Structures are given as structure tokens and as C-alpha cells.
Amino acid sequence: MPQIAVIPGSFDPVTNGHLDVIRRAAGIFDEVHVLVVHNPDKQAMIPIARRVELIETALGTTRNIVVRSWSVGLLVDYCTDVGARVIVKGVRNTADLEYEQPMAIVNRHLGKIETVFMMPNPEHAHVSSSLVRQVASLGGDVAPYVPEVVRDFLQGDMAPGLNL
């Protein structure tokens, strides 16, 4: 039975830290589902379908990574539907861990789904999607923090009209 893991997130936008965690998880699990989810507590900048495209482009062809979106229902429902028994969450600091811990406990209770916490490479640990959005909105260079396709999207002709 293949070991399937789900990596959920808003990925608004995807950062190099996200990609680091995704790629390392893909080296551990047989199949990884990167799941772009709607976070009702956040005002999204990039439409979900475009976030999926940006992640797919940034990852390139990878045999065991699937990128999908999920906007209705519980995360454990998606995990059950695809046969995943593990959720992988990147945590940069203790604040992230404190935020994620209750969700991990509830996911275990609701769906018997375990959560594995992964630290990003230290060079990416200070970067968040909100920081990238702020830097981009002020005309700063986001190249050190995001893959090239995201940089081009944020700083190029494809971003007009977005609420950066």
C-alpha cells in the first residue's frame, strides 16, 4: 500500500520554503498531494486555480507529486478520499507550531490522520507568503524568496489588478 501524504496550504503565493518542504516530503512518501485550500481567515491575493498553476510550473514534472485544490469540506475528508494517512506541515517557528498543533490533534481525532511537522531549510525559515506579498506590493525584489514563475507573476504584466 503506497504511503500518501497531503501538504495543505493557501500558498498565496508559494515560496521557496514551501517548495523545499514539498520536495523533501516527496523523497519520503510514495505520493504527495499538494492541496491548495481556501483559508477563510485570510483575504486571498491570487485565485486558487492560478496558485495551482504556479505550483505546478515551479515544481516541473515530478512523478510523485500531485497538485490540487480543495475548497469545500474537511481536510480529513480529502485525505480519506485519496487514501492519505499523513498530513505534512511546514513549521518555521514556535508560533507556527502553536497554530498547527490543535489542528493536528483534531485531524487525528476526526480521521485518524497523523501530522508530520517539517522545518524548512534555514535559509527559507524567515519567509512567509504574507511577507512576500508585502515586499512585492512595495516594489521590492522577491526573487530570493519565491520561484522564478512566481516572481514573474508578481512583478510582471500578469499581476495588474491584483490586490498586492
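Q: Here a salt bridge is a side-chain nitrogen of Lys or Arg within 4 Å of a carboxyl oxygen of Asp or Glu. Which side chain meets that of Lys89 in a salt bridge?
A: This is a predicted model, so let's apply the rule to its side chains: N and O in this pair are 3.4 Å apart, inside the 4 Å limit. Lys89 sits in strand E4 and its partner in helix H4, so the pair ties together parts that are eleven residues apart in sequence. Both residues are buried. The partner of Lys89 is Glu100.

Q: How many salt bridges does the count come to?
A: Lys89 and Glu100 make one of them, and the side chains of Arg24 and Asp20 make another. By the 4 Å rule, the count comes to nine.

Q: In which helix do Arg24 and Asp20 both lie?
A: Their side chains meet in a salt bridge at 3.3 Å, N to O. Arg24 is partly exposed at 34% relative accessible area, while Asp20 counts as buried at 15%. The two are four residues apart, about one turn of the helix, and that helix is H1.

Q: With which residue does Arg108 form a salt bridge?
A: Look for an acid whose oxygen comes to 3.4 Å from a nitrogen of Arg108. Arg108 is partly exposed, at 42% relative accessible area, and the acid is partly exposed too, at 40%. That acid is Glu114.

Q: Which residues are joined into one network by salt bridges that share partners?
A: Arg108 and Glu114 form a salt bridge, but a network takes bridges with shared partners. The residues joined that way are Asp12, Arg51 and Arg133.

Q: Which peptide bond is cis, with omega near 10 degrees?
A: Most peptide bonds are trans. The exception here leads into Pro13, a residue of the loop between E1 and H1. With omega near 10 degrees, it is the bond from Asp12 to Pro13.

Q: What is the phi of Phe11, near which value?
A: Phe11 belongs to the loop between E1 and H1, and at 4% relative accessibility it counts as buried. Most residues other than glycine have a negative phi. Phe11 goes the other way, with a positive phi near 50 degrees.

Q: Is Lys112 buried or exposed?
A: Lys112 is in the loop between H4 and E5, and it has a positive phi of about 55 degrees although it is not a glycine. Its relative accessible area is 69%, and the cut-off is over 50%, so Lys112 is exposed.

Q: Is Thr15 buried or exposed?
A: Thr15 is in the loop between strand E1 and helix H1. Leaving aside neighbours within four places in sequence, its contacts include Val127, Val132, Tyr145 and Pro147. Its relative accessible area is 2%, and the cut-off is under 20%, so Thr15 is buried.

Q: Why do the buried residues of H3 line one face of the helix?
A: The buried ones are Leu75, Val76, Tyr78 and Cys79. They pack against E1, E2, E3, E4 and H4, whereas Thr80 and Asp81 are exposed on the other side of H3. Seen down the axis, the buried set lines one face because it falls within an arc of 155 degrees.

Q: Which residue just after H3 takes a positive phi of about 80 degrees?
A: H3 covers residues 75-82, and the residue in question comes just after the helix. It is Gly83.

Q: What arc around the axis do the buried residues of H6 cover?
A: Helix H6 buries Val149, Val150, Phe153 and Leu154. They sit on the same side of H6, and what covers them includes helices H2 and H5. The arc is only 125 degrees.

Q: Which residues make the nonpolar surface patch of about 260 Å²?
A: One member, Leu110, is found in helix H4. Leu110 is partly exposed at 49% relative accessible area, and patch members need over 30%, so it qualifies on that score. The patch is made by Leu74, Val106 and Leu110.

Q: Which strand has the highest mean pLDDT among the elements of the protein?
A: The mean pLDDT of the protein is 92, and 95% of its residues reach 70 or more. Among the elements, H5 has the lowest mean, 92. The highest mean, 98, belongs to strand E5.

Technical notes: Residues numbered from 1 in each chain as written. Heavy atoms only, no water. Patch = residues over 30% accessible without salt bridge, like charges linked within 9 Å, V, L, I, M, F, W, Y side chains within 5 Å. Areas by Shrake-Rupley, 256 points an atom, 1.4 Å probe, with all protein chains shown as cover. Buried < 20%, exposed > 50% of the residue type's maximum accessible area, 1.4 Å probe, protein only. Arc of directions from axis to C-beta. Contact = heavy atoms within 4.5 Å. pLDDT = per-residue confidence, 0-100.
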